[in-house]
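Hi everyone, thanks for making time this morning. I'd like to walk you through one structure, so let me put it up on the screen.

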Amino acid sequence: MTRSQDWLAERERWLRGRLAGINPYVVDSLIALVSIAVSLWAVHNDETHWPLWTYLLAAGCSLPLPWRRRAPLGGFLVSMVLSGALGIYAHSAQPQIPVYGVVIIYTLADLGRNWQRWPMLAVLIAANVLGTRSLNGFIFSELTVIGSFALGAAVRELRRLAQVEADRARETGLRAASDAARAVAEERGRIAREMHDILAHAVALMVIQAEAGPLVVRADPEKAIKAFDTIADSGRDAMVQLRRVLGVLKEDGAGPVLAPQPKLPELAAVAERMTAAGVAVRLVLPERSRALPADVETAAYRIVQEALTNIVKHSGADAAEVRIAEVGQALELAVSDNGQGLDARARELRRAAGGAGWSGGRGLLGIRERAAACGGQAMAGPAPDGRGFVVTARLPIGAA
């Protein structure tokens, strides 16, 4: 906006603030009384001794003002017809600046419809051309008409711009709220996946070892001790990883101390705990020719962890293999086992998924979500020979 528009906007805000809470009919009635007083004073001070009807006609020009906001065109027509009659029969009795004319023209320019505003402006200009009797009077009348109309049009435009800005601000607020809600939902989903993977893996190992401990405590105390050591190691590892996840939920101002996200070499410890739980894991990691993106490495770790957890919980396998390799611009991984195969796995996963089928378990869903979050994809299904189960994923790592 220009400086003049800024000034007009500021003045309108000031006036609105000053007049806030006052009935508009009261304000417009006061304006009408001022306008009547100016008109009657002009008739009274004219050199000609005018009859009573002239005073009534001059006062009548201001009578529509209290209803100018509700019916801008009707008020304009009544006021201008009476003003025209006064100009024809008592031209010299008109006030130099007709207050009613300024207000009613301003109101029509501000509140009237476009098909009302512009034709009426043309009629006023033409009427001044025909009705004024001197060049000075013509110029002054035209400036009064055009100035009043321009002021009303400027206020109308300012109101429109203010409405546009308000709508834009409202849309921005709604968009920001939607983005915030989406971010919260995504973060909740991420935390839920992390906690599911951590707790499911740790608890599965702890339950298996706890069930096996009493069976071997008398026959093989050394093996029982290893089982309880595995339980303790699994619990400690789960606690460490939970601190990583829950550190982001600390109170504002509390400086969270977050450990680094899990890396692929840490899968060796997972494999050891799996082996201690009775599932011998063969782990093949890629030669580290370059650093992997943090999100890809974390996703690969969690996918392998969840796949191994499913093996412990559902497959009945005693051996598994984890192969991870860099192939082109992607990290490919495969987790396979020698378990009971699709039929047994389907029953377990269908039960876990509430009957949704073997591909709908929460763990496998989390695997697919993790792969998709990195721009990759994951698949799960029976091994080619029909025995065991295979989880594969391909995660893009970008150019070297």
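Let me begin with a quick check on helix 5, residues 99–111: at 1.5 Å a residue, its 13 residues should span 18 Å, and the end C-alpha atoms are indeed 18 Å apart, so the two agree. Please keep in mind that this is a predicted model. Which residues of helix 5 are buried? The list is Tyr-100, Gly-101, Val-103, Ile-104, Ile-105, Thr-107, Leu-108, Ala-109 and Asp-110.

The same sort of check works for helix 10, residues 294–315. Its 22 residues should span 32 Å at 1.5 Å a residue, and the end C-alpha atoms are 31 Å apart, which agrees. Helix 10 is mostly covered, with 19 of its 22 residues buried. Right after helix 10 comes Gly-316, and its phi is positive, near 70°.

Now to the record. An unreviewed UniProt entry lists "transmembrane region" for residues 21–44, 50–67 and 74–91. What does the model show there? Residues 74–91 are 89% helix and 0% strand, with the end C-alpha atoms 24 Å apart. For residues 50–67, the chain is 50% helix and 0% strand, and the end C-alpha atoms lie 29 Å apart.

Within the first part of the chain, have a look at helix 2, residues 24–44, which contains Leu-30. Leu-30 joins Val-26 and Leu-33 in a nonpolar patch on the surface, and together they have about 290 Å² of accessible area.

On to charges. How many salt bridges does the model have? The count comes to ten. One of them pairs Asp-28 with Arg-68, where the closest N and O atoms are 3.0 Å apart. This pair links distant parts of the chain, 40 residues apart: Asp-28 is in helix 2, while Arg-68 is in the loop between helix 3 (52–60) and helix 4 (72–89). Are these two buried or exposed? Both Asp-28 and Arg-68 are buried.

Compare that with Glu-157 and Arg-160, a salt bridge whose closest N and O atoms are 2.6 Å apart. Both residues sit in helix 7, residues 135–216, and they are three residues apart, about one turn of the helix. Glu-157 has a relative accessible area of 30%, so it counts as partly exposed. Arg-160, at 43%, is partly exposed too.

A further salt bridge connects Glu-321 and Arg-282, with the closest N and O atoms 2.4 Å apart. Here again distant parts of the chain are linked, 39 residues apart, with Glu-321 in strand 2 (residues 319–327) and Arg-282 in strand 1 (residues 280–284). Glu-321 has 24% relative accessibility, so it counts as partly exposed. Arg-282 is partly exposed as well, at 47%. Going back to Asp-28 and Arg-68, salt bridges that share partners join them with Arg-69 into one network.

Last stop, the strands. Strand 3 (residues 330–337) and strand 5 (residues 389–396) run antiparallel and are joined by seven bridges. In that pairing, Ser-336 stands opposite Val-390 of strand 5. Strand 5 also pairs with strand 4 (residues 377–382), again antiparallel, through six bridges. There, Pro-382 faces Phe-389 of strand 5, standing opposite to it.

That's my tour, and I'm happy to turn the model around for anyone who wants another look.

How values were computed:
Residues are numbered from 1 along each chain as its sequence is written. This is a predicted model: local features need pLDDT of at least 70, side-chain atom pairs count only at pLDDT 80 or more; totals for chains, interfaces and linings use all residues. Side-chain values use heavy atoms; hydrogens and water are left out. Patches are made of residues with over 30% relative accessible area and no salt bridge: like charges are joined within 9 Å, nonpolar side chains (Val, Leu, Ile, Met, Phe, Trp, Tyr) within 5 Å. Accessible areas come from the Shrake-Rupley method with a 1.4 Å probe; for residues, only the protein chains shown count as cover. A salt bridge is a side-chain nitrogen of Lys or Arg within 4 Å of a carboxyl oxygen of Asp or Glu. Helices (H or I, at least four residues) and strands (E, at least two) are DSSP runs, numbered from the N terminus. The expected span of a helix is 1.5 Å times one less than its number of residues. Buried means under 20% relative accessible area, exposed over 50%, partly exposed in between (1.4 Å probe, protein chains only). UniProt positions are given in the numbering used here, feature names are shortened, and annotations may be inferred rather than shown by experiment. Two strands pair if DSSP finds at least two bridges between them.
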